[in-house]
Structure formats: C-alpha cells, structure tokens
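Colleague: Could you take me through one part of this model closely, namely the surroundings of the ligand, and then place that part within the chain as a whole?

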Amino acid sequence: MLIVKGVDFGYEPSRLILKNISLELKKGSVLGLMGESGSGKSTLLRIMYGLLDATKGHLYWDGTEILGPKYHLIPGMPFMKYLAQDFDLMPYTSVEENIGQFLSNIHKAAKQDRVEELLNLVDMSEFAKTKVKLLSGGQMQRVALAKALALEPQVLLLDEPFSHIDHFRKNELRRSLFAYVRKKKMTVVIATHHIDDVLAFADEIAVVKDGAIMATGTPKILYEDMRSLYVARLLGEVNVLPAHWFGIDEKEDIYLRPQQLKISAKGITGRVKKNYYLGTHYVIEVIIEERTVYVNNAEPLIEDTFICITVV
Ligand SMILES: Nc1ncnc2c1ncn2[C@@H]1O[C@H](COP(=O)(O)OP(=O)(O)OP(=O)(O)O)[C@@H](O)[C@H]1O
C-alpha cells in the first residue's frame, strides 16, 4: 500500500504549498490526482517519489518509508518511476536507446524484445532508430512513457502524461497504457487536469485545491456529486443556475450538467443562441435571463427561437 500521512510542504518556509495531505492507495490500483493549475499536484508527486523532503508527515510504500534528499544521496526511490512534465530524454541518441537506457545489456535478445514491446505499446516502432531531438513533442512524450515503464516499477508516478499527445491518438494510448499497468499490477498515480485521462481508468480520484485534498472518491461518485462547483467543473461541464428556476425554494445556485437538462414543452423559457455539434449529439447554448445555459439535444435548434428547458 502507498500511504501518505499528514504531509505538509513549502518551497519557502513562509508559504505552505501542501497542507496536511493524507492518502492511501492499494497495491495495483490507479489514483487520479486532479486539481487546477498550481494546486500542488506536481509537488505532491515529487514528494511521493522522494525528490523533496516533506516539512511534516510521512510517506510509506509497502512498509518502507519514502525519504527525500536529506536522507538519500541520489533522490528518488528505486521501486518507483516518476515521469515529470519535462521528459528527461537523451536528445542525441535513438528512440530505442532511450527506452532501453536502464535495461541490462547482459541478455541482449531479451532487452531487444522488451524495447520492441514498449515501442509497440506507445506506437513508436517506426521511429526506433530516429534520434529523439528529431521527434515532435507528442512523440517525445510517448518515448518518455515507454522509458518510464521499461524497468516495470512497482509504483508509477505520471505528471500530465498525455498533455502533448494528439487527440486522435490519445484514447488509444490511454487504453493501452492502463491495460498494460493493470496487467503488470503496477500502482499508478496520475496528475492531470483532463478528466478524460482518468474518468474511465482510475479506481479513485483525489481532488486537490490550494494544496489540500478537498474530495476523494471513485470517478463515478465524484462525477455525480454536484455539491462543490470546483469538483464538478474539474470533472466536466457544469451549468450554474438559480434554484428557483426549477421550483426549488433556495436562494443558492444549483449545479447541473448539460445532460441533466432537456428541451421540453414546459419549463423555463430561453432563447437559442448557438448549436455545437459533438458527433453523438448537439450542445445547445441557450440564454435565459441573461445567463448562458448549455443543454444536450439530439438535433440542432433554430437560432433565436424560444424554447423551454427542464431537468431530466
Ligand atoms: N521549484 C519551485 N519553487 C517555488 N515554488 C514552486 C516551485 N514549483 C512549484 N512552485 C509553486 O508551488 C505551487 C504548486 O505548483 P505545482 O507545480 O505543484 O502545481 P500543479 O498543480 O502541478 O500545477 P500544473 O497543473 O500547472 O502543473 C505553485 O504556486 C507554484 O508556483
């Protein structure tokens, strides 16, 4: 189990970046760390890997304490791999040499097989002999992922691992990567602001805000829990609507996703401003009392006509 217990951290003594972080992650499970930019996700990954010393608190993997540079000459725990946002590749050597950099040269054929398996996993086989400096950012990121997997670490810490990958390849890469880590029973923490990186793949999501964990739960539970606007917005599109529109006697706004609203014969009246085609359906932008509301619909609607919306 990966245990983070009451961790505080500040780059400067006067400003805490992480505040009383506690997490528990079962072996072989995947945790998505979500939070807006600057919330402290990368800092937490660096502490989990032992690159920084926690100001307060402790971290353990499988009973072994994870310690930072104060205690280790070479920071970073050997049973872990941390893939940072800068890829840490050797630019003047080939893709295959980069991926195989830390693999033993004693069994040459086994090393070659392993490199080929990883090249295949990240769909970079045709670039095996290409020097890394000639690759695009997305291709470099795929090589860096393969390199991080090469020694089959027990714990894999990934910081925005798909941020440079082109859209059409992203889904395929996410599916292959998570299938691979599941097969190998690796424990994974992935920091991201993109819900698509984790919604279908993580066992749990921890939401970080201003250096503190503000919510944890399965992707489904967090996606459906609309109490916090910060959490709801991180996990998908949200409408912020006055409760009284829906006959609820509350002064506060309520939060509803576009698929929780529908066009209906009765309901609150609004003017159609725009249609957005999303392949499987349209998102209709509707103006109601000067607020913009997004609602899903199978068909586009005529702009500037008046329609009614209601809760599904
Ligand atoms: N080396 C550093 N020295 C001082 N402050 C830093 C350092 N690295 C990060 N910070 C600060 O710590 C806070 C958290 O940064 P961090 O990179 O952990 O956030 P993040 O959630 O990973 O953001 P992003 O999603 O943009 O990568 C920010 O306010 C940032 O400015």
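Modeller: What follows begins at the ligand and then moves outward to the rest of the chain. Please keep in mind throughout that this is a predicted model. The residues that surround the ligand are Tyr 11, Ile 17, Gly 35, Ser 37, Gly 38, Ser 39, Gly 40, Lys 41, Ser 42, Thr 43 and His 193. Sorted by class, this shell holds 8 polar residues, together with 2 nonpolar residues and 1 charged residue.

As for the wider setting, the chain is divided into domain 1, which covers 2-232, and domain 2, which covers 241-311, and the centres of domain 1 and domain 2, taken over C-alpha atoms, are separated by 38 Å. Along the principal axes, the C-alpha atoms of the chain fill a box of roughly 75 × 45 × 30 Å. The chain has 312 residues, of which 35% are buried, and its secondary structure comes to 7 helices and 17 strands. Of the contacts between residues at least 6 apart in sequence, 59% join residues at least 24 apart.

Turning to the strands, β17 (residues 306-311) pairs with β13 (residues 261-264) in the antiparallel sense over 4 bridges, and within this pairing Leu 261 has Val 311 in β17 as its bridge partner. Strand β14 (residues 268-277) also pairs with β17 in the antiparallel sense, over 4 bridges, and here Gly 270 stands opposite Ile 307 in β17.

Terms used. Residues numbered from 1 in each chain as written. Predicted model: local features only at pLDDT ≥ 70, side-chain atom pairs only at ≥ 80, totals over all residues. Domains from an automatic or database assignment. Near = placed C-beta within 6 Å. Nonpolar A, V, L, I, M, F, W, Y, C, P; charged D, E, K, R; others polar. Helix = DSSP H or I, 4+ residues; strand = E, 2+ residues; numbered from the N terminus. Buried ≥ 20, exposed ≤ 12 C-beta atoms within 10 Å, placed from the backbone. Contact = placed C-beta atoms within 7 Å. Pairing = 2+ DSSP bridges.
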